[in-house]
Amino acid sequence: MRNSYLKKYVQMHPDNKMGWYLLGKEYEKEGQLGKANYCFNRSGGIYEAFETSKMPSDIWQEYELKLLQQAEEKERRTARLRHAFVALMILLLALVPSVDAPRQHQKAKEAAAVQHPDPGVEEDKNQASPHKDDDRSVPPAEDAVMFTAVREGGLEKGVTPIAPGPLAHPGLLGSRLAVLEMKKQGKWLLWKRRLPVGYTLENKGGGAVAYQSYDPKTCSCRPEDGEKLAKAAFAWTGEQEELALLGSAIRAYKNHAGRYPEQLADLARPFPDNWISGTTESMKEAFQPLLEQAKAEAAGQEQEVPHAADGESAKKGKGPLADTWGGRPYFAQPLTIIVDKSSHRLAVVSGGVMLRNYKVGLGAERTPEGKFAITDKVMNPNGRADGEFGSRGMQLSDTNYAIHGTDEPDSIGQDESLGCIRMSKADVEELFDLVPMGTPVIIGKGGLPDEPLASQERFRTKREQDQTNPRKTYHWL
């Protein structure tokens, strides 16, 4: 934490040699000697003066503390400015329906700035403007709600928390957009099944957009449909997890087989071709659209996905694709597993969003570091659900290491294995269903928060195929 503040400080004050010296000392403590030497070189004579003198360490530590306090105060001022900006935009939005929006919109020539579903990515300012008849759009049925999720109340690299795309061009909004909010921890946005609804944007027709806050911190109101919208949001987050699994499986299958699966059943065959553990109704509905999207992306083309405000999708007003802002799955990046040996954590991530963070048992230096992939997914390894490998096992590449359950639950969080990654029964069974075969697994030290991230409502697929392997005796470490 300290070196991040000091790094910001020297970036703002590159001529402050003491700042460079203190940053070098922090890198030195962490064992990053290359970075430390660079900072010491930038510190000039300060390094020589302090390293060769008998000056008490508490003097330069006090100076370091002052620099950190200055950096923290700057962050607090920035946060206050952000909150003021949000409050101002909320005030302006409250007046939107009363403005002569059609006349103003006809004069506007700026491009639509549609919010990107990936957190931390700037809006595309070169995106083409919608058709002229968007101004005359009539909102679909009242129950047609789309969803997206953003960082909680924050501004991230120019992406405002109130989605400028629908405001600039209400015709793109369809009917109503509900924006769910995620907390941020370190570099990760934390996904949860029960994400709170921050606000909604509603197309009132004629170019007018109404804003409604659902956050009790910014609005003392209690919208009548709050409970109903929360239930719909809960269903949406579940569907997006299913689509993340399906999209990742389609791409993993292509990487392995050299061709795309022709049907969903190709991914859910008996062991050893059980790319996914089972299916869901949403996955059945979305297989063909996701397959076409994957093919188009591989060909470097933009795949036209029906938008919730267009044609049949608008009539249905439902579905995992029609319900998502932009008409595409929320998780654009394939699922990846990250194992942090220093914190005994295993996380499932997509880009910068963390879906799960489990506590695991490891083998200290016996657990290898590097990049692997899940090559076998087997239920009841060695014919037992209560054996040493528990009820689920996922082998890591062509090695004797695996992610599996355990008959020693007290070893979770400890370094008692011979190198494998141990998980509790509930966690390993959820992970088995959540990620496909072929999922990348990155093992290293650092990078994951200590706080576990899981849901009371465990992810499950409907398993129909045999996923045991009685012909093999596993000797995982």
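**Ring contacts, helix crossings and a buried strand residue**

In this predicted model, the charged end of R193 sits over the ring of F234, 3.8 Å from the ring's centre. A second arrangement of this kind involves R392, which lies over the face of F432 at 5.4 Å from the ring centre. Rings also pair up with one another: searching the whole structure turns up 10 aromatic pairs. Pairs of this sort tie F147, W191, W236, Y330 and F331 together into a cluster.

F432 leads on to helix α11, since it is one of the buried residues there. This helix covers residues 425-434 and is mostly tucked away, with 8 of its 10 residues buried. The buried set includes charged side chains as well as greasy ones: D427, E429, E430 and D433 are on the list, and so are V428, L431, F432 and L434.

L431 of α11 also turns up among the contacts of L346, a residue of strand β7 (residues 345-350). With a relative accessibility of 0%, L346 counts as buried, because the cut-off for that label is under 20%. Leaving aside residues up to four places away in sequence, L346 touches I337, I338 and V339, then R356, N357, Y358 and V360, and further along the chain I403, I421, M423, L431 and L448. Take M423 from that list: 77 residues separate it from L346 along the chain, yet the two C-alpha atoms are 9.1 Å apart.

Now for the helix pairs. Two packed helices are described by the angle between their axes and the distance between the axes. For α8 (residues 226-257) and α9 (residues 281-298), the axes come within 9 Å and cross at roughly 45 degrees. The two are therefore oblique to each other, and α8 passes α9 in a right-handed crossing. On the α8 side, the contact is made by E239, E242, L243, L245, L246, G247, I250 and R251; α9 contributes S282, M283, A286, F287, L290, L291, Q293, A294 and E297.

The other pair is α2 (residues 17-29) and α3 (residues 33-43), whose axes come within 8 Å and cross at roughly 165 degrees. That angle makes α2 roughly antiparallel to α3, because anything over 145 degrees gets that label. Here the crossing is left-handed. Residues K17, W20, Y21, L23, G24, K25, Y27 and E28 of α2 make the contact with L33, K35, A36, Y38, C39, F40, R42 and S43 of α3.

How values were computed. Residues are numbered from 1 along each chain as its sequence is written. This is a predicted model: local features need pLDDT of at least 70, side-chain atom pairs count only at pLDDT 80 or more; totals for chains, interfaces and linings use all residues. Side-chain values use heavy atoms; hydrogens and water are left out. Buried means under 20% relative accessible area, exposed over 50%, partly exposed in between (1.4 Å probe, protein chains only). Helices (H or I, at least four residues) and strands (E, at least two) are DSSP runs, numbered from the N terminus. Contact means heavy atoms within 4.5 Å. Rings of Phe, Tyr and Trp (its six-membered ring) pair if their centres lie within 6.5 Å; planes under 30 degrees apart count as stacked, over 60 as edge-to-face and the rest as tilted. A charge sits over a ring if NZ of Lys or CZ of Arg is within 6 Å of the ring centre and within 35 degrees of the ring normal. Axes are lines fitted to C-alpha atoms, for helices over the stretch in contact, and angles run from 0 to 180 degrees between N-to-C directions. Angles under 35 degrees count as roughly parallel, over 145 as roughly antiparallel, 65 to 115 as roughly perpendicular and the rest as oblique. A crossing is left-handed if the near helix is turned anticlockwise from the far one by less than a right angle, and right-handed if clockwise.
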